[in-house]
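Got the viewer open and a selection tool at hand? Let's take a walk through this model, one stop at a time.

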Amino acid sequence: MNLRFTVGVLLYAALAAAPVCAQTVLDGVYSNAQAQRGARTYANICSKCHEGGEPDADPLFGPEFIDRWREAPLSFLHGFFSKNMPAKDPGSLAPAVYIDTLAFLLRENGYPAGSELKADMLATT
């Protein structure tokens, strides 16, 4: 069995076990205030790597980013970056800062604002 097949099977199993989403990012699941706070975090912390400082840092805006995460609940994306970012001190930010940063990423990728994004919404959005 090759690695690509194994990863594909594992991803399929994870998605199959994921909860049914009650809403989508098209439903306005973050507030503009959250996105503004997240913009400050991005500018002060994330942009150092994600704007060319680290050649292996994946892009956070545009079709490649959307394609990578679009089939999964927000909890997958949030779980990944709240455990792995910032690269030099993973998981070091306050939980609310990671939620705000997620709101910023949604805004910058063209998703509409609406109500406040809460941690308990991540698995079903």
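Where is the place of Val-25? Select Val-25 and you land in the loop between H1 and H2. Before going on, a word on the ground rules: this is a predicted model, in which local features need pLDDT of at least 70 and side-chain atom pairs count only at pLDDT 80 or more, while totals for chains, interfaces and linings use all residues. Residues are numbered from 1 along each chain as its sequence is written, and side-chain values use heavy atoms, with hydrogens and water left out.

**The whole chain**

Zoom out and colour by secondary structure. The protein chain has 5 helices and 0 strands, in the order α-α-α-α-α along the sequence. Helices here are DSSP runs (H or I, at least four residues), strands are E runs of at least two, and both are numbered from the N terminus. Of the 125 residues in the protein chain, 32% are buried. Buried means under 20% relative accessible area, exposed means over 50%, and partly exposed is in between (1.4 Å probe, protein chains only). Now switch on contacts, that is, heavy atoms within 4.5 Å. Among contacts between residues at least 6 apart in sequence, 71% join residues at least 24 apart.

**The loop between H1 and H2**

Go back to Val-25. With a relative accessible area of 17%, Val-25 is buried. Leave aside its neighbours within four places in sequence, and Val-25 is in contact with Leu-74, Leu-106, Tyr-111, Pro-112 and Thr-125. Try a distance as well: the C-alpha atoms of Val-25 and Pro-73 are 9.3 Å apart, although 48 residues separate them in sequence.

Next, select Tyr-30, also found in the loop between helix H1 (3–17) and H2. Is Tyr-30 buried or exposed? Tyr-30 counts as buried, at 2% relative accessibility. Draw a line from its C-alpha to that of Ala-113: the gap is 5.3 Å, for two residues 83 apart along the chain. Beyond its neighbours within four places in sequence, Tyr-30 is in contact with residues including Ala-35, Ala-103, Leu-106, Pro-112, Ala-113 and Leu-117.

**Into the nonpolar core**

Tyr-30 leads to the next stop. The largest nonpolar core has 23 residues, and those with the most contacts inside it are Val-29, Tyr-30, Leu-74, Leu-102, Leu-106 and Leu-117. Such a core is a set of buried Ala, Val, Leu, Ile, Met, Phe, Trp, Tyr and Cys residues joined through side-chain atoms within 4.5 Å. H2, H4 and H5 are the elements that give two or more residues to this core, and H5 has the largest share, with 7 residues.

Pick Leu-117 and show what surrounds it. Apart from neighbours within four places in sequence, Leu-117 is in contact with Val-29, Tyr-30, Ser-31, Gln-34, Leu-74, Ile-99, Leu-102 and Leu-122. Then highlight H4, where Leu-74, Leu-77, His-78, Gly-79, Phe-81 and Ser-82 are buried. The buried residues of H4 pack against H3 and H5.

**Charged pairs**

How many salt bridges does the structure hold? There are 7 salt bridges, each a side-chain nitrogen of Lys or Arg within 4 Å of a carboxyl oxygen of Asp or Glu. Start with Asp-100 and Arg-37, whose side chains meet in a salt bridge at 2.8 Å, N to O. Asp-100 lies in helix H5 and Arg-37 in helix H2, so this pair ties together parts that are 63 residues apart in sequence. Asp-100 is buried, at 9% relative accessible area, while Arg-37 is partly exposed, at 31%.

Hop over to Asp-67 and Arg-70, another salt bridge, with the closest N and O atoms 3.1 Å apart. Here Asp-67 is partly exposed at 48% relative accessibility, and Arg-70 is exposed at 54%.

Select Glu-108 and Arg-107 as well: their side chains meet in a salt bridge at 3.1 Å, N to O. Elsewhere, salt bridges that share partners join Arg-37, Asp-100 and Glu-116 into one network.

**Last stop: the pocket**

Turn on a surface and look for the largest pocket, with a volume of about 610 Å³. Of the 26 residues that line this pocket, Cys-49, His-50, Ala-57, Met-85 and Ala-87 are the closest to its centre. A pocket is an open set of points on a 1 Å grid over the protein atoms alone where a 1.4 Å probe fits, with protein on both sides within 12 Å along at least five of seven lines; lining residues have an atom within 4 Å of a point. The volume is the space filled by probe spheres set on the points, which are joined across faces, edges and corners.

H2 gives the most to the lining, with 6 residues.
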